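Me: I am new to this structure. Please pick one part and look at it closely. Then show me what lies around it.

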Amino acid sequence: MSKVAFITGASRGIGRETALAFARAGFDLAISARTLEEGETHAHALTAADGRPLAGSLASTAAAVRALGRQALVLRMDLLDEDSVRAAAAAVLDHYGQVDVLVNNAIYQGRDLNLPFMELGGDTLQRVFQGYVMAPVVLTQCLLPAMLARGSGTVINVSSGAGESDPPVAAGEGGWGYAYGAGKAAVSRLAGVLAAEFGKRGIRAFTLNPGVVSTEALRATIGDKGVLAMRKGVAPPEVPAAVMCWLATHPEADRFQRRTVQAQACALEHGIVPDWRTE
């Protein structure tokens, strides 16, 4: 039986490329996001500069996975709706009977996420709590018993430097706001707890900081000119995707638990992908 990877936030960006990386490695996939078909609109969603929804959909990711010869179970899941999260977990286990790798990649990305401190409201913080704390915890709790029953499983949580350091400048001037930093700080604490509590029972857990990645969401946030201005400080989404697949499939990656894996440095140090900076 093929192994199964469940990738959240797989309609575009890092999540999409992670799904494809695991498909190339022989995994069948479960993929989730809010956007099932191209062009759908959602509350609290980022949009392109012209106001249109960002490109990407679960349908297109699933088609790419299937073109690689692997199965793709498509799940519309809303991080802000706990019932939706629980239903997605149940659907994956019902369909495949197992999940070998869970990648908690999806996040709440509303435009209020990086508001300056005095403009930050409780409604934003509640959405951040639901999306960054409750959703990955609930999803992991739903899938962990099946992993423990089989004696193996890997959980990878996608974090950010914003969860471990102060912004270089103020929110509104290019820095991140408290809500985003607090959300990512919470994500960064999950893997260590899982490793401590369940490591002896076959569970591997990692925290991954992808660094600055040239995704649709980044372009929506800082624009194409902003991405170009960062130049070699930006990696394509294939880089963190490849690193996550490496963490999940290589026993030597065990030593990267209980720390934050810096995806771009790890990719270069271990030759996981060609050096994109020379292109």
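Reply: Start with a term. A crossing of two helices is right-handed if the near helix is turned clockwise from the far one by less than a right angle, and left-handed if it is turned anticlockwise. Keep that in mind for the part I chose, the pair made by helix 3 and helix 4. One caution comes with it: this is a predicted model.

Two packed helices are described by the angle between their axes and the distance between those axes. For helix 3, residues 82-96, and helix 4, residues 122-150, both values are available. Their axes come within 10 Å and cross at roughly 25°. An angle under 35 degrees counts as roughly parallel. Helix 3 and helix 4 are therefore roughly parallel to each other. The crossing is right-handed.

Now look at the residues that meet. Helix 3 brings E82, V85, R86, A89 and L93. Helix 4 answers with Q130, M134, A135, V138, L139, C142, L143 and A146. By class, 10 residues of this contact are nonpolar, one is polar and two are charged.

Helix 4 has another partner. Its axis comes within 13 Å of the axis of helix 6, residues 190-198, and the two cross at roughly 25°. Helix 4 and helix 6 are therefore roughly parallel to each other. Their crossing is right-handed. On helix 4 the contact uses P136, T140, L144 and L148, and on helix 6 it uses L190, L194 and F198. Six of these residues are nonpolar, one is polar and none is charged.

Next, turn to what helix 3 lies on. Helix 3 lies across strand 1 (4-8), strand 2 (28-33) and strand 3, and runs at about 160° to strand 3. Those strands belong to an open sheet of seven, in the order 3-2-1-4-5-6-7, with parallel pairing. Strand 3 (72-76) is an edge strand, and so is strand 7 (260-262); each pairs on one side only. From one strand to the next, the twist averages 20°.

Move along the sheet. Strand 5, residues 153-158, runs parallel to strand 6, residues 203-209, and six bridges join them. V155 stands opposite A205 in strand 6. Helix 8, residues 238-249, lies across strand 4 (101-104), strand 5, strand 6 and strand 7. Helix 8 runs at about 160° to strand 6.

One more helix pair is worth a look. The axes of helix 1 (residues 13-24) and helix 2 (residues 58-67) come within 9 Å and cross at roughly 15°. Helix 1 and helix 2 are therefore roughly parallel to each other. Helix 1 passes helix 2 in a right-handed crossing. R16, A19, L20 and A23 of helix 1 make the contact with S60, T61, A64 and V65 of helix 2. Five residues of that contact are nonpolar, two are polar and one is charged.

Last, how far to trust the picture. The mean pLDDT of the protein chain is 89, and 87% of its residues reach 70 or more. Residues 219-230 need care: pLDDT stays under 50 over them. The model has 15 contacts beyond four places in sequence for this stretch. Where pLDDT is low, predicted coordinates should not be read in detail.

Technical notes
Residues numbered from 1 in each chain as written. Predicted model: local features only at pLDDT ≥ 70, side-chain atom pairs only at ≥ 80, totals over all residues. Heavy atoms only, no water. Axes fitted to C-alpha atoms, helices over the stretch in contact; angles between N-to-C directions. Helix = DSSP H or I, 4+ residues; strand = E, 2+ residues; numbered from the N terminus. Parallel < 35°, antiparallel > 145°, perpendicular 65-115°, else oblique. Contact = heavy atoms within 4.5 Å. Nonpolar A, V, L, I, M, F, W, Y, C, P; charged D, E, K, R; others polar. Pairing = 2+ DSSP bridges. pLDDT = per-residue confidence, 0-100.
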